[in-house]
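Me: I'm new to this one, and I'd like to learn how to read it. Can you walk me through it?

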There are 2 protein chains.
Amino acid sequence: MQTLTKNLPKCQQCPVRASALFGHLNTEMLDVVRALRTHQLVLEVGEHLYHQGDSPSKAYTVYEGWVVLYKNTHDGERQIIRFALAGEFLGYKLGNNTVYDHSAQALSDVKLCSFPISEIINEAGKHTALLLAIQSMNDTTMERCHSSITSIANKTAEQKVAYLFLTLYAREQEVRATEDNCIPFYLTQEDIGDALGLTSIHVNRVVQGLRRKGLLSCKNRCLSLHKIEELIEVAKMDRFEAQQFNLI
Amino acid sequence: MQTLTKNLPKCQQCPVRASALFGHLNTEMLDVVRALRTHQLVLEVGEHLYHQGDSPSKAYTVYEGWVVLYKNTHDGERQIIRFALAGEFLGYKLGNNTVYDHSAQALSDVKLCSFPISEIINEAGKHTALLLAIQSMNDTTMERCHSSITSIANKTAEQKVAYLFLTLYAREQEVRATEDNCIPFYLTQEDIGDALGLTSIHVNRVVQGLRRKGLLSCKNRCLSLHKIEELIEVAKMDRFEAQQFNLI
DNA sequence: AACTGAACTTGACCTATGTCAATTTAGGGT
DNA sequence: ACCCTAAATTGACATAGGTCAAGTTCAGTT
């Protein structure tokens, strides 16, 4: 893990700002944020940002790349809790004697902005807007968590996979508009399985099925969704959710 | 839904305070809370507190009874997201143009304290401690959400059921210490299935198995866990989690 | 260009859980 | 005490997805 302290990019010009946590803060508040953000961190693929059991001291915004959050399970496997993409927030947790319930690991080379939690709390009194922005972000995360539960518990394997692809695709498009319906894709089929409660073997069967139907292709760490509407149907994603993700 | 505005119990004497959201706020802060809490609500079994799609305006602390939070699924069923027991917090969501992603319904007769969200936000600047207390509560809820995902995705039916029973039992014990290892239990086997992604028929088979092993009994809306240690083993609950729930 | 380990693919077979269709039990209301 | 409906139970059978055991492909390195 490498720490950068010099020549940090200005938050005002941050490429992920619009969609990021602090997207709707005004310029004045942005200066507060920037003052808190004293570092940028660089992680290589596979490096951990923190481990389950660590005490939280910083929160992070993903500047570039993908991070995976996962819990260790009783049987020595892992359950992926969520993926944090560019612009998204992670690691924020209150409480002095608390520890993380999950680990965070880089899925690609990753660049992060880091914020000391204690200072966020200190500043909070003066800058309530910041605290509320974080809460609002947490609301979104919580709702995604609810959707994960619903997906994992009620959908078939094909529905789950299609649903995951759609949501990752939509979130990535948000910060990085591409002409060719193609997003960088850092997951192995095993990752997908660990996120959805499936074996990688079954994920493979399902992905091939989707490919054969011409709904998507996935080559060279690059995912293309060819028929969004049909995928929404296959995934049994409801229209409201599809709208929230700007898919329709 | 009945609204009480007279003779509300004092927060200082609240039977669920110790374990509730505002448990660790000092007395002075409690007065702020109490000033916000202008109503108590009474719901009968089956009544809804709010519906998926409603705009949030109030947050609630459960004073008495059990509330179920669920999402409607694509196939016309429901996925239970979580159960809110006495002392627990629900319905808090920021954002003026946002709507609830789930519904909240009374599983028993329920009494709630309600707090206007807009005023919480207004007071927040003056009373940061309140906002932080809410965030801390959200952290807990989020971690329980993570545990649900892990449980639903990776455990066998028997493990899931044992796990759910243990957590509900521990949470209920927290506010209502009972001599006889017995807690009031408001779930049908179908509820359990809807929470865990199982059919009620399979839940039935599993519950009977646990009963035959002498691990628990469940009669007259009353759940007794006879062998906590063994249940923890059956549920594959890890020791850290068992400690957090005060089970060991 | 050959080498290597990780990721992906394929096929045969197995099992946990779902489905369907009755039947029994139990708690709340008259 | 009786009725009535929701809940729990039982058994036979079906299936989505898991397991095991080989391959095969592919990206990165020498």
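Reply: Let's begin with burial: a residue is buried if 20 or more other C-beta atoms lie within 10 Å of its own, exposed if 12 or fewer, and partly exposed in between, with C-beta atoms placed from the backbone. This is a predicted model, where local features need pLDDT of at least 70, side-chain atom pairs count only at pLDDT 80 or more, and totals for chains, interfaces and linings use all residues. Residues are numbered from 1 along each chain as its sequence is written, while chains are lettered from A and ligands numbered from 1 in the order in which they are written.

Me: Is B:E158 buried or exposed, then?

Reply: B:E158 counts as partly exposed, because 18 other C-beta atoms lie within 10 Å. You'll find B:E158 in helix α4 (residues 157-175) of chain B; helices (H or I, at least four residues) and strands (E, at least two) are DSSP runs, numbered from the N terminus.

Me: Which residues does B:E158 touch, leaving out those up to four places away in sequence?

Reply: Contact means C-beta atoms, placed from the backbone, within 7 Å. By that rule B:E158 touches B:V206, B:G209 and B:V234.

Me: How many residues of chain A are in contact with chain B?

Reply: 35 residues of chain A meet 35 residues of chain B. On chain A's side, α3(A) gives the most, with 17 residues.

Me: And which residues come nearest to DNA strand C?

Reply: "Near" means a C-beta atom, placed from the backbone, within 6 Å of the strand. Of the 15 residues around DNA strand C, A:T188, A:Q189, B:T156, B:A157 and B:H202 come nearest. α6(A) gives the most to that surface, with 4 residues.

Conventions. Contact = placed C-beta atoms within 7 Å.
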